[in-house]
Amino acid sequence: MTGGCATLRDRGAQAATRARPATGRAAHRQVEGRSLFLLLMALLLVGAMAIGLCVGASGISTADVLLALVRDTGRTHDIVWMLRLPRILMAALVGFGLGLAGSVFQVVLRNPLASPFTLGVGSAAGFGAVTVIIFFSPGHHLIGVAVGAFVFSLLSAAVMIAVARMKQASSETMILTGIALMFLFSALTSLFQYMGTMQQVHEIVFWFFGSLSRAGWREVGLAAAMILSPFPPLLRAAWDFNILIHGDESAASLGVHPKRLRMWAVAAASLITAGAICFTGVIGFVGLVAPHITRMIIGSDHRFLMPGSGLMGGLILVVADTVARTAWSPQVIPIGIVSSFIGVPFFAFLLLKRTREYW
Amino acid sequence: MLEARGIIFAYKGHKVLDAVHADVERGEVVSVVGPNGAGKSTLIKCIAAIHKPQEGAVRIDGKDPLVLSRREVAKQLAYLPQSLLCRFPVSVFETVLSGRRPYFSWRPSRKDVEKVEQIIEALALSPLATRDMDQLSGGQRQKVLLARVLVQDTSYLLLDEPNAGLDLRHQLEILETVAALAREKETGVLMALHDLNLAARFSHRILMIHRGRIIAEGTPFEVITGERIREVYGVEAQVTRSNGHLNVHVLRCAGEDPQTPAHGL
Ligand SMILES: Nc1ncnc2c1ncn2[C@@H]1O[C@H](COP(=O)(O)OP(=O)(O)O)[C@@H](O)[C@H]1O
Ligand SMILES: [Mg+2]
């Protein structure tokens, strides 16, 4: 043996005599950078929501909006409190939920192409919601719609888990299954449309366009409950997700129960998806792109990636909604379309640039 | 002592391990050798409590890993899989740090970070610390994964072909590190190895398995003989001894015409 292969103790001793190694400092800076990123995203989101609140088709001045927030000023007060505020909150919540659910689906299925929509979970939730709207119309209750959406999103998520568990189910297999599910549930929804009454068809179409316009306070409240309540337990499992990245067996050897984790995390992400979908319709894309954009900027530490993806999703949707309401005013462009227009170029830019050294 | 007794394991009715036993004392290096598909990885997974054997028992210092919590097991026993996935960008530092996971819940302590720094330094990985895992060569990646197992700070290590696919120097470096660990920290090491020469050189004892059964066990000189190599691997080999080292020269596939050129193992 040559002298090149020093023993562990030699090298450890060398390390100890040096100053605090650069690796630790670099890692520390990374963590600080990521916290800063989250703070920045939160500020951007609040800022975007404030701007969104101040602009709109009715052309109320910023001063009037601010006044209406604190005092009853009649029509302006109603517009701000009954239309704009719930709508903007809904956009932020839905974006947050889709981004968060996307990051969870991606890590538990270890599949960068996973998202609420590519897995068919979104379409399934949509179908569930539509079913309730049709069969219990006109007396359907909000909670009924939410439950319908959740049950069907769970169902499709269960199919995805089963496929993922099958030996050597590749990314492609999973995504193809997801697309098949998506088509299946879209077809079923279309069938309902075909058979439904005029009134029902109207409701479905309205719903399916991906619209924030019907968001009222009750909807916001229920969506918030469904989207935010799974967040703390998911966040608490952040390190388990970090470990799951390297495979089930290595995760198991580090104290994680991969199957158990996958089960409840997918259920949680399905609940979030159902909450995001059931009152706003199908808003795709954000759930796929927000986690990727965030990951490209701050990496895959889920302590930061999950909240970061949520904030990124919220930001994209709030900006998209503001653009959708004002670009073609008084026409409102469907939010799904605008969010794609905004997200795609940003995504493409990061994809081509692909550096994350600056954090 | 880490011990497995009477392990029987089948994948969906297809029996892979048939009453296999293994034991490792602290400070001891034991290699499991045998041809592809012999059941080496499966045995290691059964001991690591990743697979639950249909029959037989594993004891870590007398305790049953299936009764302990996974986290408790992870503090006693570290496992290096044969292959690891990585589809998302994770830095070398983060990867190694995740080996400390059994010891913290949200924020790694200062001690955790220091341990990681020390190991990274010791394995000469510092220049790579902030790089992503997918930007490393196979040898570098394997070293990072070894570092991750080392920071886990366990009494026993299970390594599944830790030097597969590496060049000579990396192979030696990894095995030297493992040997040093056993010597200096009294870690008990059980590893699957392909290279009989390296297995002989770095192990106190060798376990040879074939078709899910233990064919031989003992010191390298006891286990690795020309006859067994012919029987288990189906190749003619000459085993010689020089300066206390065992050398296996592979000659040719057994039963073939001696004139045809020999293939590598
Ligand atoms: N997940 C699995 N499902 C079914 N059979 C498996 C699985 N893993 C391994 N096997 C089979 O078990 C046998 C032993 O495999 P393994 O323990 O990986 O062998 P080794 O590591 O010695 O090459 C092989 O015949 C292999 O085909
Ligand atoms: Mg193997």
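**Exercise 1.** Which ligand 1 atom type does a polar side-chain atom of B:Tyr11 lie 3.4 Å from?

Solution. The model is predicted.
- Step 1: the polar side-chain atom of B:Tyr11 lies 3.4 Å from a nitrogen atom of ligand 1.
- Step 2: a polar contact requires N or O atoms within 3.5 Å, so the B:Tyr11 pair at 3.4 Å qualifies.
- Step 3: backbone N or O atoms also approach oxygen atoms of ligand 1, at 2.7 Å for B:Gly37 and at 3.2 Å for B:Ala38.
- Step 4: ligand 1 taken alone exposes 560 Å², of which the protein buries 65%.

**Exercise 2.** Describe the shell around ligand 1 by residue class and by secondary structure.

Solution.
- Step 1: the surrounding residues include B:His14, B:Val16, B:Lys40, B:Ser41 and B:Thr42.
- Step 2: sorted by class, the shell holds four nonpolar, six polar and one charged residues.
- Step 3: strand 2 (14–24) and helix 1 (40–47) of chain B each supply at least two shell residues. Helix 1 of chain B gives the most, with three residues.

**Exercise 3.** Lay out the six-stranded sheet of chain B and the helices packed on it.

Solution.
- Step 1: the strand order in this open sheet is 5-6-7-3-8-9, with mixed pairing.
- Step 2: strand 5 (77–80) and strand 9 (213–218) of chain B are the edges, and the twist averages 15° from one strand to the next.
- Step 3: strand 8 (205–210) runs antiparallel to strand 9 in chain B, joined by five bridges; B:Ile209 stands opposite B:Ile214.
- Step 4: helix 5 (138–151) of chain B touches strands 5 and 6, its direction making about 170° with that of strand 5.
- Step 5: helix 6 (168–185) of chain B touches strands 3, 6 and 7, and its direction makes about 150° with that of strand 7.

Technical notes:
Residues are numbered from 1 along each chain as its sequence is written. Chains are lettered from A and ligands numbered from 1 in the order in which they are written. This is a predicted model: local features need pLDDT of at least 70, side-chain atom pairs count only at pLDDT 80 or more; totals for chains, interfaces and linings use all residues. Side-chain values use heavy atoms; hydrogens and water are left out. A residue is near a molecule or strand if one of its heavy atoms lies within 4 Å of it. A polar contact is a pair of N or O atoms within 3.5 Å; within protein, one must be able to donate a hydrogen and the other to accept it, and residues adjacent in sequence count only if both atoms are side-chain atoms. Accessible areas come from the Shrake-Rupley method with a 1.4 Å probe; for residues, only the protein chains shown count as cover. Helices (H or I, at least four residues) and strands (E, at least two) are DSSP runs, numbered from the N terminus. Ala, Val, Leu, Ile, Met, Phe, Trp, Tyr, Cys and Pro count as nonpolar, Asp, Glu, Lys and Arg as charged, and the others, Gly among them, as polar. Two strands pair if DSSP finds at least two bridges between them. Axes are lines fitted to C-alpha atoms, for helices over the stretch in contact, and angles run from 0 to 180 degrees between N-to-C directions. Contact means heavy atoms within 4.5 Å.
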